[in-house]
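Here's a quick briefing on how two chains meet. Have a look at the structure first, then read on.

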Amino acid sequence: MAIDRSNPIPIIPSATEIPFLLLPETENLFFDRAARLKSLATGHAMADYLGFVAEIALAQQQALNSLHPSLPEGTGGPVPLDHTRLHRDPVWQQVLRQIIAAVTPKAPPDYARWMNGLLEKATPGDLEQWAQGMLEGDPQHCDIGMMPMVAAALQVYWTALTRHLEANSIRHHPDGHAAQQCPVCNAPPVGSLVRSGATTQGLRYLACSLCNAQWHMERIHCVNCGESAKVFYYGIEGGDDTVQAESCDACHTYSKVMHMEKNPAADVIADDLATLPLDVLVGEAGFERYGPNPFLMTETGHAARD
Amino acid sequence: MKITRRQFFKLSAATLGSSSIAVMGFMPGEALAEVRQFKLARTTETRNTCPYCSVACGLIMYSIGDKAKNAKSEIIHIEGDPDHPVSRGSLCPKGAGLLEFVHSKSRITFPEYRAPGSNEWKRVSWEWATERIAKLMKEDRDQHFIAKNDKGQTVNRWNTVGFLAASASSNEAGYLTHKVVRSLGIVALDNQARV
């Protein structure tokens, strides 16, 4: 029988091979996040904020459901949706307007007025600058009060673009690519998930802050510097152990880990926002956090010291 | 790759109070007040290899205790290492029971000696034990070593002693075991490669 070389057999990883990349489940990703935020909000000291981010997530899901952008210029390199190279389709600006309109009735009145006022005056060029400011974490180009909204819209755009990818086509980081940056879009992770069930039981995946892809990284390794021997875990004594701070005595940074075995609904964005006291305590113990949460932007973030 | 400034940050009461959360009109005050009621607990996860058989499944051992503060560390849980290329997180019932093995009251942590004819075990030092083993090995080897066979060919065999090596040895430990044991002329060398 002749072999049809024009139609190669798709390579499916074997059951013993660790899946490197998990692409976002675009049908329900933000919906699940909203549900998790709402359940965490019950009785929480920051219930109002968690509830508001849940509204943003619902608006994101709605926007994502009807968004099917084509691959723009600058895609298809070793990091296919590299946010430092890709030419964003201005369609993301519509998504921003859509999300802001959807959450305005639920936002604190002053904030709603401020953000809509800013949006009305902004030119498309301004919006592009906000996006750049958000992606670089630079409050000079994007007010930190606006960053969460801009991030929400950019997340929807990049997540929609991942529909063009096949998880099996990316089996490892490209040569020279940092293990702590997303192999799909080059953004940093919020933190990691130790997953439960099926082929990813007990494995750790870093979760992207931009495109929502997850990529495998061996457990008990510092996300920032790769050290293993000096890694340990901080948690709240007697508290819920779903979330831990994976801390490194070599580089003095930490990154949050959410255990889905303890709670299958755990979500990096939601569970991170619900456990900020852990960050404050670990910060007081002398550790700096690696990995941003777009819904918690600070004025004082800075680049690596070396 | 560009490391941008938002990738590293320290969260304190002050930074939280001026963060996007506060700017958006939500007051993290109550959450901050809560922080004072909490205390950090420190745990460690350590990789190891199951000591039972030659499959050498990967383990993660969980322990509590802050080594830096001189507190007593204790292993509280052991499970399979999902990243391990051979076992991918699985353990057999023996491996899954390793915590009992670690904490077993009857676990032997020092060498003991029962003299021929005696029914009593005596605690001895590691030095005494290795020296005695070496002495007995030499005695037996001097007595039974076969340098040449019936045809006069050099064989250098020591047939009266066998050697059972460990299961979870590394490649390097296996290499050294082989070198030492074969150099003595021992033919009956085996690894505990099955349970």
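How many bridges join strand E8 of chain A to E1(B), and do the strands run parallel or antiparallel? Two bridges join them, and E8 (residues 288-290) of chain A and E1(B) run antiparallel. Keep in mind that this is a predicted model.

**Where the chains touch**
- On the chain B side, 41 residues are in contact with 57 residues of chain A.
- Two or more residues each come from strand E1 (8-9), helix H1 (13-17), helix H2 (20-23), helix H3 (29-35) and strand E2 (40-49) of chain B.
- E2(B) chips in the largest share of that side, with seven residues.
- Sorted by character, the chain B residues touching chain A come out as 18 nonpolar, 11 polar and 12 charged.

**The strand pairing across the chains**
- If you want one spot to zoom in on, A:Tyr290 stands opposite B:Phe8 in E1(B).

**A:Ile220, a loop residue**
- You'll find A:Ile220 in the loop between strand E4 (214-216) and strand E5 (231-236) of chain A.
- A:Ile220 counts as partly exposed because 19 other C-beta atoms lie within 10 Å, while buried would take 20 or more.
- Leaving aside neighbours within four places in sequence, A:Ile220 is in contact with A:Ser228 and A:Val231, plus B:Glu45 and B:Arg47 from the other chain.
- A:Val231 sits 11 residues away from A:Ile220 in sequence, and their C-alpha atoms are 6.4 Å apart.

**Domains of chain B**
- The domain assignment splits chain B into domain 1 (10-35), domain 2 (43-103) and domain 3 (112-191).
- Taken over C-alpha atoms, the centres of domain 1 and domain 2 of chain B are 39 Å apart.

Terms used: Residues are numbered from 1 along each chain as its sequence is written. Chains are lettered from A and ligands numbered from 1 in the order in which they are written. This is a predicted model: local features need pLDDT of at least 70, side-chain atom pairs count only at pLDDT 80 or more; totals for chains, interfaces and linings use all residues. Two residues are in contact if their C-beta atoms, placed from the backbone, lie within 7 Å. Helices (H or I, at least four residues) and strands (E, at least two) are DSSP runs, numbered from the N terminus. Ala, Val, Leu, Ile, Met, Phe, Trp, Tyr, Cys and Pro count as nonpolar, Asp, Glu, Lys and Arg as charged, and the others, Gly among them, as polar. Two strands pair if DSSP finds at least two bridges between them. Domain bounds come from an automatic or database domain assignment. A residue is buried if 20 or more other C-beta atoms lie within 10 Å of its own, exposed if 12 or fewer, and partly exposed in between; C-beta atoms are placed from the backbone.
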